[in-house]
Amino acid sequence: MPELPEVETVCRGLSKALLGATIVSADAHRADLRFPLPKNLVSRIKGKRVRAIRRRAKYILIDLDGGDTLLMHLGMSGRMVVLKEETKPGKHDHLVFHFSNGAHVTFNDPRRFGLCDLVPTRDIEKHKLIKHLGAEPLDGGLTSEFLAKKFKNKKTTIKAALLDQRLVVGVGNIYASEALFDAGISPKRMAGKV
């Protein structure tokens, strides 16, 4: 599963290719991924300009004119492919977006664990997938004091605490393991004792 650095990289790449472009059309080659696609997704995003592309945890947020945000998650095997020429969709190319600047963005997801939702931008922090999320590691507030406070009374291992998206977002198995190894901390050590 892509972790925070990979999703941040995807967002930056999409920003470079799509910021300011308008969605001319979109193709949904199936009605669902992990969850059903939003009703009338294609018609609701057609003609909307991309105002911003950002990340919250492991979610890609594409803010559109008109006050809506495409909320996307890559799941286990999903990827966003940006092409300058339209190509015939492959077997796992479930969503294809066509932009005014000539870009074609394909959401490819062989396992279909990814998702796409359309949410009013003003309500994004209230969305059921977003509202419980914890601190962002790249926002500057993730200090040793912050972590000590969050982990103080935890009766779980340090690795499980790092993976708890309600505390710190975007950290997955690989980065938690690597960070603990680098710090010389056993992943089995209790979080409240670190």
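Let me start with a word I'll use a lot: a residue is buried when its relative accessible area is under 20%, exposed when it is over 50%, and partly exposed in between, using a 1.4 Å probe and protein chains only. By that yardstick M76 is partly exposed, with a relative accessible area of 37%.

Hi everyone, and two housekeeping points. What we have is a predicted model, where local features need pLDDT of at least 70, side-chain atom pairs count only at pLDDT 80 or more, and totals for chains, interfaces and linings use all residues. Residues are numbered from 1 along each chain as its sequence is written, and side-chain values use heavy atoms, leaving out hydrogens and water.

Now the overall picture. The protein has 5 helices and 8 strands; these are DSSP runs, with helices being H or I of at least four residues and strands E of at least two, numbered from the N terminus. Reading from that end, the order is α-β-α-β-β-β-β-β-β-β-α-α-α. Along the principal axes, the C-alpha atoms fill a box of roughly 55 × 35 × 30 Å. Of the 194 residues, 43% are buried. Contact here means heavy atoms within 4.5 Å. Among contacts with a separation of 6 or more, 66% are between residues 24 or more positions apart.

On to the surface. The accessible area, from the Shrake-Rupley method with a 1.4 Å probe and, for residues, only the protein chains shown as cover, comes to about 10600 Å² for the protein, and 53% of that belongs to carbon and sulfur atoms. Back to M76, which sits in the loop between strand 4 (68-73) and strand 5 (79-83). Together with M1 and F113, M76 forms a nonpolar patch of about 280 Å² accessible area. A patch takes residues with over 30% relative accessible area and no salt bridge, joining nonpolar side chains (Val, Leu, Ile, Met, Phe, Trp, Tyr) within 5 Å and like charges within 9 Å.

Next, charges. Lys and Arg count as positive, Asp and Glu as negative, with His and the chain ends not counted, and each charge is placed at NZ of Lys, CZ of Arg, CG of Asp or CD of Glu. There are 34 positive and 21 negative charges in the protein, and their mean positions are 6 Å apart.

How many salt bridges does a search of the whole structure find? The search finds 11, where a salt bridge is a side-chain nitrogen of Lys or Arg within 4 Å of a carboxyl oxygen of Asp or Glu. Let me walk you through some of them.

One joins R112 and D32, with the closest N and O atoms 3.8 Å apart. R112 is in the loop between strand 7 and strand 8, D32 is in the loop between strand 1 and helix 2, and the two are 80 residues apart. Both ends are partly exposed: R112 at 30% relative accessibility and D32 at 27%. R112 also has a positive phi of about 60 degrees, although it is not a glycine. N40 is another non-glycine residue with a positive phi, about 55 degrees, and N40 lies in the loop between strand 1 (23-28) and helix 2 (41-45). For context, most residues other than glycine have a negative phi.

D65 and R49 make another bridge, at 3.2 Å from N to O. D65 is in the loop between strand 3 (59-64) and strand 4, while R49 is in the loop between helix 2 and strand 2 (50-56).

Are the partners in the next pair, R56 and E136, buried or exposed? Both are buried, and their closest N and O atoms are 3.0 Å apart. Salt bridges that share partners join E8, R12, R55, R56, E125 and E136 into one network.

E136 also brings us to L4, in helix 1 (residues 4-18). L4 is buried, at 7% relative accessible area. L4 and E136 are 132 residues apart along the chain, yet their C-alpha atoms are separated by 9.5 Å. Beyond its neighbours within four places in sequence, L4 has contacts including R55, E136, P137 and V169.

Last one: D109, in the loop between strand 7 and strand 8. D109 is buried yet has no salt bridge, and the nearest side chain of opposite charge, R111, is 7.2 Å away. Outside its neighbours within four places in sequence, D109 is in contact with L74, S77, G78, H92, H94 and G114.

Thanks for listening!
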